[in-house]
Structure formats: structure tokens, C-alpha cells
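Please keep the viewer open and follow the selections in the order given. Each stop names what to select and then describes what is found there.

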Amino acid sequence: MGLPGGLRGLRVPQPEDPVLELLGHPPGDRRRHRPAGLGATLLTTVPATLLGVFAPLAPVLARRFGTWQVLAGALVLLTLGLVLRSVPVPDGGAMLPLLAGTVVSGAAIALANVVLPSIVKQDFAEHQGLMSGLYTTAICGSAAFGAGLTFPFYEAVGDWNLALGIWAVPVAVAAALLIPVLLRHRSSARVSTSTTGRSPLTSPVAWHITAMMVCQAMTSFTCFAWLAPILRERGIDGGAAGGIVAFSIILQMSGSLLGPVWATRLRSQSWLNVAAAVLTGGGFILAIHGPLSGIWWWTGILGVGQGALTALALTMITLRSTTPHMAIRVSGMMQGLGYGLGSAGTFITGQIFATTGSFGPAAWLFAASGLGAAAFGWLAGRDRTIEG
């Protein structure tokens, strides 16, 4: 596909990117944020839930306009959503544009998420592992930038509207980079996404991939929402906690890059999926209950495992689907249900803290989601395909 396509793959925001980092918490509120109560829990849950709500629309739009066109439209929509979120409104009326911008941004990210695996399957068939690894690595990298740069930028300019709106700039640049790709694909951009043929809803393999994504998303979203407060509860000061979280996110990049590359070299990815799930669940449990002297090790294990598990779950779409047509339908199913249900982990963890005053009991949730990801990852990794 050439450089523009590669650049496109490296710039599309995904579930764990700075946009979702910002959808729940304006930078100016970071210092005052307390993880207790239903309001804070909803703020961290709703953005992730939006991914599940809008994901099923992507196959419909791709059938009508084409996958590349949907991706470009999603980037334009995301730019508008971020700008809308940053619109200053006097007299305390900022909640309306903030909410509207959040919905628009969530819809845009959901659409981009779903079409990317189909594009990889269609246009990078000989490099599926590499391209899947590159764009999921970019996810982790962008999350680290979002977490690390937004609040310092807010402190520098003293305006959280501007701190939010600045993220519209790289998205707009990504949309501009897509223009030559769109021109090149004017006659062939549309992927056959006919509703005829076998539905992925009837495929056990598709359900295994979806269940794997549910368990992965439950841990992943919860980590991004609550890992820093968990570390604070353990007595780590705010600056150190932020550094540990950034360290964990950066280590995700190694797992997300290597996981798909290894996966495409194997006939069965079952053991690889299980290993990533064990590292993720075990790392999170140790971050809550393990010896504090090893906290950098525990969060490092969590980061490597989480990055690999996220990338492997997305890679299963392209490896198990026989055509781009099926890939986008499986992607819509997997991400619609996976993110929609997986976001419950963030809500449950917040309510556990609000009810008990501690994150300790949440370890049971991560044990369950880790075991679930391992079990369904084993099934999804078997050398079988989704015919359609």
C-alpha cells in the first residue's frame, strides 16, 4: 500500500489512546479527581461503552461507502468531536459540548477500530502480523503521550479547553495523509460486505474471539481508569504512581508489537493467547496485592501482557477470517460486544471501591477476566477459520 497507508495505520486512535484518556477526565480535574462515587465511575465507563454502541455501524457504512472512506470519515468526525469538546461555554454550561463531543469522538473511534482489521486483511495480506503489531503499538505509544503530556500542557497554558482541543491537530493531520490513499482507491475501496452468506453470529470461532475481547477489554479499560488510584491506595505518591503507569504503558508497546508478529508465524496461537492472558491477570493481581518492593516488576508484567493480549485479540480477526468481507463483520461483532460488555469492568471496579473503600477485592475480578481470556484465547487460537 505504500507509505500513506502505513502512516494511516500508525495514527488512528483506539480504545487505549489519549482521546479516551481525555473523554472521561478534563485535565483540569486530574488533581481533584477522587475514585469514589457513582459519578466518577460513570465518567470512566461511558467513553468505553460508546465504542460498543457505535461499532456495529461500521460494517453497514463500509458496505455503502467503502472501508477507506469510513476510516477517513471517522478521522474527520473525531477531529470535530475533539474541537467540540474544547469549545468554551460561559456560565458553567460546558457540560453540553463536553458530552456531545464525547459522543461524537466515541463514535468516530468505534468506526475506525472496526474497519482497521478489514483494511489489514485486504491491503496488507502478506504483512498482517507486522501491520497489526504496528498499529497496536501506536495505540500504546499514543496513550503514553496522552497520559504524560496533557496535564503538563494544561499547567503551561492554564486552559483545559485548549489542553483538550490540541489533540484535534494530529487527528486532522492523519486525515490529510489519507487523501492520496483515497484517491488511489477510488475504484476499489469498497469491500464486499453483503449480508448474504453465513453470519459470524452463527460461528463458534467468532464467539470465541468475541469472548476473548470481552475479557481483554474488561482488564484493559480498568487498568487505564484505575491503575493510578490503585497505586495511590498502596501508599505511592502521585508523581511516582504516574511514572509507574507510564512505564507500564510503554512496556505494552513491546508486547503489542511482538505478539501479532509471532502469531502470524504459528498455525495455532492458543498457547500464545494463554500466556498473554496469564501475564495480564497475574500482573494486575500482583499490582494490587504483591510486595510493594516489586511494584515496578508487577506493573511491567502487566504492561507486556496487556499489550500482547490486546494486539492478539485484534489479530485473531484477520487470522480467523477468510476474507476482508468476513473480517469487518467479525470486527463489528467482536468490538461491539467486546467493548460494550468489557467496559463493565471499569464500572464494577469503581463500585467495589465505593462500597468497600478498597481496591483489594477487585483482584477477584481480574482473576476471573484473566482466566476467561486464557480459556477463550485458547479456543480462538486454534487453527480454524470463519467461513462466509
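Begin by selecting T210, which is buried, with a relative accessible area of 2%. In this predicted model, T210 lies in helix α11. Next, display the residues that T210 touches, leaving aside those up to four places away in sequence: they are M333, M334, L337 and G338. For a distance label, pick the C-alpha atoms of T210 and M334, which are separated by 4.4 Å although the two residues stand 124 residues apart along the chain. Helix α11 covers residues 204–233, and two cysteines may be coloured next. C215 counts as buried at 13% relative accessibility, and C223 also counts as buried, at 6%. A search of the structure for disulfides returns zero.

The second stop is S321, in the loop between α14 and α15 (324–342). Is S321 buried or exposed? Its relative accessibility is 2%, so S321 counts as buried, the cut-off for that class being under 20%. Not counting residues up to four places away in sequence, S321 touches K121, M316, M326, A327, V330 and I386. A further label can be placed between the C-alpha atoms of S321 and R384: these residues are 63 apart along the chain, and the atoms are separated by 9.1 Å.

Now select helix α13, residues 270–289. Its 20 residues should span 28 Å at 1.5 Å a residue, and its end C-alpha atoms are indeed 28 Å apart, so the two values agree. Colour the buried residues of α13: S270, L272, N273, V274, A276, A277, T280, G281, G283, F284, A287 and I288. When reading such a list, recall that an α-helix has 3.6 residues a turn, so residues three or four places apart point the same way. To see what covers these buried residues, add the surrounding helices, including α11, α12, α14 (295–320) and α17.

From α17, proceed to its pairing with α16 (residues 344–356). The axes of α16 and α17 come within 9 Å and cross at roughly 160°. That makes α16 roughly antiparallel to α17, since angles over 145 degrees fall in that class. For the side chains at this meeting, select G345, I348, T349 and I352 in α16 together with A362, L365 and F366 in α17.

The segment after α17 leads to the next selection, D383. Which residue forms a salt bridge with D383? The partner is R267, and the closest N and O atoms of the pair are 2.7 Å apart. The pair links distant parts of the chain, 116 residues apart: R267 sits in the loop between α12 (238–263) and α13, whereas D383 follows α17 (362–380). D383 is partly exposed, with a relative accessible area of 42%, while R267 is exposed at 65%. The structure holds one salt bridge.

Finally, clear the selections and view the whole chain. The protein chain has 17 helices and zero strands. Of its 388 residues, 57% are buried. Among contacts between residues at least 6 apart in sequence, 85% join residues at least 24 apart. The contact of T210 with M334, residues 124 apart along the chain, can be revisited as one example.

Technical notes: Residues are numbered from 1 along each chain as its sequence is written. This is a predicted model: local features need pLDDT of at least 70, side-chain atom pairs count only at pLDDT 80 or more; totals for chains, interfaces and linings use all residues. Side-chain values use heavy atoms; hydrogens and water are left out. A salt bridge is a side-chain nitrogen of Lys or Arg within 4 Å of a carboxyl oxygen of Asp or Glu. Helices (H or I, at least four residues) and strands (E, at least two) are DSSP runs, numbered from the N terminus. Buried means under 20% relative accessible area, exposed over 50%, partly exposed in between (1.4 Å probe, protein chains only). The expected span of a helix is 1.5 Å times one less than its number of residues. Contact means heavy atoms within 4.5 Å. A disulfide is a pair of cysteine sulfur atoms within 2.5 Å. Axes are lines fitted to C-alpha atoms, for helices over the stretch in contact, and angles run from 0 to 180 degrees between N-to-C directions. Angles under 35 degrees count as roughly parallel, over 145 as roughly antiparallel, 65 to 115 as roughly perpendicular and the rest as oblique.
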